[in-house]
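Please work through the exercises below with the sequence and the structure at hand. Each task is followed by a solution in steps.

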Amino acid sequence: MSEHGTEIEGSGGIPERFTNPGLPPHVSRSADLDERAAHRAERQVATLFTLSMVATVIFLVAYFSIDQKTYRFIPGIGQANLSNVVLGASLGLSLLCIGLGAVHWARTLMPDTEVAEDRHPQRSSDEARRDAVETLAAGGTASQLGRRPLVKYAVGGALALVALPQLLVLAGGLGPLPKADLSTTFWRKGMRLMRDNPTPTPIKASDVTLVSVFHVMPEGIDKSPHVLEEKGKAAVILIGIDPALIQVPKERDWGHDGIVAYSKICTHVGCPVGLYEHRTNHLLCPCHQSTFDVAQDCKVIFGPAHRPLPQLQITVDAEGYLIAAAPFQQPVGPSFWERG
Amino acid sequence: MSPQATPKGADSLRADDVTLEDITEGSKAKARAGSLAGWLDDRTNTARPTSYLLKKVFPDHWSFMLGEIAMFSLIILLLTGTILTFWFVPSAGRVIYNGSYVPLKGIPMSEAFKSTVDISFDVRGGLIVRQIHHWSALLFTVSISVHMFRVFFTGAFRKPREINWVIGTILSLLAINEGFTGYSLPDDLLSGTGLRAAEGFMQSVPVLGSYLAYFVFGGAFPGEAIIPRLFTVHVLLLPAIIIGLFTAHIVLVAVHKHTQYPGPGKTNDNVVGYPFMPVYMAKAGGFFFVVFGITALMAALVTINPIWLYGPYDPSPVTAGSQPDWYMGFADGALRLFPGFTEFNVFWFTLSLNVFIPSLVVMPLIYTIAGVYPFIESWVTGDKREHHLLDRPRNAPTRTGLGVMAISFYLILFVAAGNDLIAIKLGLSINDITQTLQVMLLVVPPLAYWVTKRICMSLQRRDQDKVLHGRESGRVVRTAEGRFFEVHEPLPEHERWTLVQQEILTPLQLTARVDENGVRRKSTRRERLRAKVSSFYFADGVAAVTPAELAAAHHDGSAREAIETGQDSGDHDVSDPAWVGQLHGGADERPETDAYASDEDGAEPAGPASAP
């Protein structure tokens, strides 16, 4: 204490620390002192429980009387499913009123004098701990595990191996090995580029005006037994771009007269890269905002992706429809270890 | 047995029967309860544990409700989830929709999606159950997180509760994964895109990625296996683990007895509050209905996850503004911020760290750090005692600073998951936002640590000031010489205790380098590190006011300031005895109520330690 001034040095009468003054005096609530206030609280609690019953009845009536398909304008929400709103609101009120009633009851009428309960350390007595250790050790000795190493190693081995059958059944029965599946798509040489509509139609090169965008699938993909799996790899975006803007010769060569086709599956984690900004010729992935520059062979210019979108080499057939000149030359979609 | 009864042969068999007379000190209802309980106790020996549990005391504080909200939303989830399973069809089988929602008529979709649309439009009350289920899932994860914050900032994870903290951390991690598996089930466009990304995450695992993805999805994405597998995980595997761990969590709370905030009458050896029966039965039971009721009202008034607007999953359509449920936001944000140049080739192989780290490393890492924190802190403080009194966050400035640092890191990741929405709503460039967030992720957390620690310390100083000089009363007084003072009222004892009860802690110190025989002691590198971290942890601590300091402040208001600033301000000279003890700074004050008067002034020394 010396640093606090000489006046109080060695002031024996002052304790080191303050002492806990104990529980503050209890302050009575109005319901404790005034019978009328207690009656009022009783009525409030009963009213809340009654409201809950009313709300439950409203729910029951609404369940049978409101048509599932009725839409009404509800102030503050707008056009909403009437049945959902009424059912939910009445259910909510019936529950909420029970809750509020119980809490109000506890707060106004039940005793509010705090009581103290003693705590005891978690640690058991030394004797109990010693006893536990001794029992364990005695059991170990009695089992003769230490004396008979043959049993020890045999039981250890058996228990270690016995989980294998279950694990094998589980792991062995899981999906097929990927093999080359991730590196190939539905695209074959000569397949037409089809509009990705419920009824796919081929695309004439003359349909693709400057800065127009087509979402494309290979011809015949809707007949595949695994439509979604194939679509997940084969989706392509077709863009008409001013050939003068194209900065990479390969891109111009693989396209047709300024029409270029790129995989629509993001090289980051596989979302469809579907947002095309035609003023800047940028393709943007809506999931994590990787941005690809179509003028630079879909190089990544922003965002978490690393690799450019793979280009699909296209040409036109005799009738003037766009076709694939070759399948994709590299795996599409997210990276994986052995893609290289 | 009434004495008038005629003895019968079988009476000896009924000697143990409980009769009304045996227990009727009260009403008939009590007797009936008694005989039912007696029947049960005869068979289960539960009388003692029952009365122990009914009498169990729970302390009262609003922040203790956070964990209750999590518990109750879990119950709501189990109830509504069970109802939903009766109609949901966990199958990726293709069907053509022909239900009552006109815009989707004739569109091919999975049975999972169709059954979810049917629940929403054709099952009476189905939509409300679905929406309650989804809203309470959000509430579940929010309340777990905020409950974790409460436990962290009050130091409730300290011994003996470290195990329960670890269980809680695991529960939190399981809860967000349970949420993810749940919202992926309807197989709509949004959740399908989320699954697509999840498949990309698995592919990014070094060496095993493509195998992992093909094993989990049963082949190429999306395949028909993932929906039923997710369903089993969502309704059986994860709920079973969550319920098991949750039960352990609650049992440990009962074993340890709930922590309590410091205050008058509350010690480390007691728990002060209200007994379970009847107060907590009504309060907590009622609170379940409140949580359920509010969730139902939200479900009635606010649409959530309108999958019929998104449509069935198809790998190619554009999904702009695709955000996951909030609790997956930080992981999505990490993916958006992690730079692309971290993908590179190793010989003939591709190492895609730009995906692997944010998607599969960040989340487990965050949870591991959270899980081991109690052990690190107790190593740093060297504190191995049991703690049942909570810390006020300001009294543990380093811990509070670290917590806020972690939260700020998390929040920046979370905000990053909405970078596209921010760009659209505020008309800003998405590139600028993303780059700003990348910088913020590195700069803001340390800054948040520093600012929080300073705020804690100034709050501690404010407490100190309040104890030493009392509370500002708002009454301004002019003395005869024309000086103005604000009257300060000394704090009542019960109020003061909360501000002075905290322990005065000191960092661990290395033992002397040289022992008593003059031999150099070797301190290991580990010990030196520990001492260094410990002094970092306790640096700049503001100690609680001691009675001596209070007495000194009362004796001469400027003394403490003088000690602290190193100079004597010396202008507190108020001679009018009417204001003694009430003027700012406590100049010359010596109120009658002052228990710890210094004996120099001739006052009777008071207080427990005063006996000579």
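The exercises that follow concern a predicted model.

**Exercise 1. The two chains**

Task: Describe the secondary structure, burial and contacts of chain A and of chain B.

Solution: Begin with chain A, whose secondary structure comes to eight helices and 14 strands. Buried residues make up 35% of its 340 residues. Among contacts in chain A between residues at least 6 apart in sequence, those joining residues at least 24 apart come to 56%. Next, turn to chain B, which has 21 helices and eight strands. Of its 612 residues, 41% count as buried. For chain B, 70% of the contacts with a separation of 6 or more are between residues 24 or more positions apart.

**Exercise 2. The dimensions of chain A**

Task: Set the radius of gyration of chain A against the value for a compact globule of 340 residues.

Solution: The globule would have a radius of gyration near 20 Å. Chain A has 38 Å instead. As a further step, take the principal axes of chain A, along which the C-alpha trace spans about 105 × 80 × 65 Å.

**Exercise 3. An open sheet in chain A**

Task: Determine the strand order of the open sheet of four strands in chain A, and examine one of its pairings.

Solution: The order is S8-S9-S10-S11, and the pairing is antiparallel. The edge strands, each of which pairs on one side only, are S8 (275-277) and S11 (299-302) of chain A. From one strand to the next, the twist averages 35°. Now consider S9 (residues 282-284) and S10 (residues 291-293) of chain A, which pair over three bridges. Here A:His282 has A:Asp293 in S10(A) as its bridge partner.

**Exercise 4. The nonpolar cores**

Task: Identify the residues that touch the most other members of the largest nonpolar core, and then find a second core.

Solution: The largest core has 155 residues, of which A:Leu193, A:Val236, A:Leu238 and A:Ala261 touch the most other members. Helix H3 (residues 82-108) of chain A gives the most to this core, with 15 residues. A separate second core has 13 residues, including A:Ile14, B:Val545, B:Ala551 and B:Ala553. Finally, inspect the surroundings of A:Val236: leaving aside residues up to four places away in sequence, its contacts include A:Leu193, A:Val216, A:Ala261 and A:Leu312.

**Exercise 5. Where the chains meet**

Task: Characterise the side of chain A that touches chain B.

Solution: First, 92 residues of chain A are in contact with 114 residues of chain B. The elements giving two or more residues to this side of chain A are H3, S3 (115-118), H7 (227-234) and S11. H3(A) gives the most, with 17 residues. By class, this side has 48 nonpolar, 28 polar and 16 charged residues. Strand pairing also crosses between the chains: four bridges join S3(A) to the antiparallel strand S4 (residues 270-275) of chain B. In this pairing, A:Ala116 stands opposite B:Val272.

**Exercise 6. Backbone exceptions**

Task: Locate A:Cys298 and B:Lys257, and state whether each is buried or partly exposed.

Solution: Recall that most residues other than glycine have a negative phi. A:Cys298 has a positive phi near 55° and is found in the loop between S10 and S11 of chain A. A:Cys298 is buried, because 27 other C-beta atoms lie within 10 Å and the threshold is 20 or more. B:Lys257 has a positive phi of about 65° and lies in the loop between H10 and S4 of chain B. With 19 other C-beta atoms within 10 Å, B:Lys257 is partly exposed.

Technical notes: Residues numbered from 1 in each chain as written. Chains lettered and ligands numbered in written order. Predicted model: local features only at pLDDT ≥ 70, side-chain atom pairs only at ≥ 80, totals over all residues. Pairing = 2+ DSSP bridges. Axes fitted to C-alpha atoms, helices over the stretch in contact; angles between N-to-C directions. Buried ≥ 20, exposed ≤ 12 C-beta atoms within 10 Å, placed from the backbone. Contact = placed C-beta atoms within 7 Å. Core = buried A, V, L, I, M, F, W, Y, C linked by C-beta atoms within 7 Å. Nonpolar A, V, L, I, M, F, W, Y, C, P; charged D, E, K, R; others polar. Rg over C-alpha atoms; globule rule 2.2 N^0.38 Å.
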